[in-house]
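Hello,

Here is the structure I said I would pass on. My notes on what was found in it follow below.

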Amino acid sequence: MINKTEKYTLLAKQIESLLSDEKDTIAAMANVAALIHDTFRFWWTGFYRVIDGELLLGPFQGPVACMHIGYGKGVCGTAWKERRSIVVPDVEQFPGHIACSSESRSEIVVPVIQHDRVVAVLDIDSRELGTFDEIDKEWLEKIVLSLPAFNLPESEIFLAAGCFWGAEKYLKLIEGVTFTEVGFANGNTDNPTYKEVYTDQTGYAETVHLRYNPTIVSLRFLLEMYLKAIDPTSLNKQGEDEGTRYRTGIYYNDPADLPIVDDVVAEEAKKYGLPLQVEVEPLRNFYPADEYHQDYLDKNPSGYCHLPIALFELARKAKDPHKSN
Ligand code: SME
């Protein structure tokens, strides 16, 4: 009888040669699921893809399964949220486990991470307790690395970094940023004007809305660059600009961004040894500012800028060190 490691060794070789020229992710996932399933005769083996903020059933082998799983829900949604593999020796002991089939007794879920984003999860169910262990985890993590590149949709993030004139100029220079606009985020009034926000009574923060291509630049790197352009320990003051409208903040639409934001902010806080004053919140609202304020420093090169010029050179030359895949 050949043991688990020997089976995985053979399986990994088969998968590698099968996928060597394959660019289509669905075709690849279909055959990877089939090969794993056939090798071990599991109860259910398949993929869920991250589509529009939820997990959507992908290619699988086994009985009919749930089609949609929310972020943080079940074992699959938790592996997505926590960006790590989860081995569940007894599904009844996993709070929130989603029982697609009452036959399933133990489970393993491995996230497929590309460009620092979870793009899918591999989920395997067994009809016996305690089927999966570290050996499965290690091999399956290796196997999902051989999947072809997923098409990542453009991503967005909203960054408040003090006066938005300089912040926009700086952030738009970073390679992979495809769109910027300045505006007002997370305040309490409708359609705020610059003048109203300037009173500091609206709760809005001057904010840059960024869109970026996640295959070129990671959110992690964008945030690291953002932190270079602010004093994260300063409350409601950046450079000479003071007021709640100049507070620093990271506002996200995609909840899957939060663990990355938290991670980068925690790393930065370590450097200072004190809590940072950077607000981290889901985006509640955003109103673009008048055309006058858009690309202000491109239109007015000698206009007011609270950022040192050296930062623009840094942004222009910056290369994302996290882009290894
Ligand atoms: N049990 C999973 C749901 C998917 S099925 O097992 C195929 C979960 O809790 O996420």
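Helix α2, residues 25–40, lies across β1 (44–51), β2 (54–61) and β6. Its direction makes an angle of about 55° with β2. Please keep in mind that this is a predicted model.

The strands under α2 belong to an open sheet of six strands with antiparallel pairing, in the order β3-β2-β1-β6-β5-β4. The edge strands are β3 (68–70) and β4 (86–88), each of which pairs on one side only. On average, neighbouring strands of this sheet are turned by 25° against each other, direction ignored. Within the sheet, β5 (residues 106–114) and β6 (residues 117–126) run antiparallel and are joined by nine bridges. Isoleucine 108 is placed opposite isoleucine 124 in β6.

A further helix, α4 (residues 134–145), lies across β4, β5 and β6 and runs at about 35° to β5. Helix α4 also packs with α1 (residues 4–19), at an angle of about 5° and with the axes 10 Å apart. Because the angle is under 35 degrees, α1 counts as roughly parallel to α4. On the α1 side the contact is made by Lys4, Thr5, Tyr8, Ala12 and Ile15, and on the α4 side by Ile135, Trp139, Lys142 and Ile143. By class, this contact of α1 with α4 has six nonpolar residues, one polar and two charged.

Next, the ligand. There are 14 residues around the ligand, and those that come nearest are Gly74, Val75, Cys76, Ile98 and Cys100. Helix α3 (74–82) and strand β6 each supply at least two residues of the shell. The largest share, three residues, comes from α3. By class, the shell around the ligand divides into eight nonpolar, three polar and three charged residues.

On the overall layout, the protein is divided into domain 1 (4–145) and domain 2 (155–317). The C-alpha centres of domain 1 and domain 2 lie 37 Å apart. Between them, eight residues of domain 1 are in contact with ten residues of domain 2. The side of domain 1 that touches domain 2 consists of three nonpolar, two polar and three charged residues.

There is a second sheet to report. This open sheet also has six strands, in the order β13-β12-β7-β9-β8-β14, and its pairing is mixed. At its edges stand β13 (279–282) and β14, each with a single partner strand, so one side of each is left without a neighbour in the sheet. The twist from one strand to the next averages 35°.

Three of the pairings in this sheet can be checked residue by residue:

- β7 (residues 155–161) pairs with β9 in the antiparallel sense over five bridges. The bridge partner of isoleucine 157 is leucine 210 in β9.
- β8 (residues 177–185) and β9 (residues 205–212) are antiparallel and share eight bridges. Here valine 177 stands opposite tyrosine 212 in β9.
- β8 and β14 (residues 286–288) run antiparallel and are joined by three bridges. The bridge partner of glycine 183 is proline 288 in β14.

Regards

Notes:
Residues numbered from 1 in each chain as written. Predicted model: local features only at pLDDT ≥ 70, side-chain atom pairs only at ≥ 80, totals over all residues. Pairing = 2+ DSSP bridges. Helix = DSSP H or I, 4+ residues; strand = E, 2+ residues; numbered from the N terminus. Axes fitted to C-alpha atoms, helices over the stretch in contact; angles between N-to-C directions. Contact = placed C-beta atoms within 7 Å. Parallel < 35°, antiparallel > 145°, perpendicular 65-115°, else oblique. Nonpolar A, V, L, I, M, F, W, Y, C, P; charged D, E, K, R; others polar. Domains from an automatic or database assignment. Near = placed C-beta within 6 Å.
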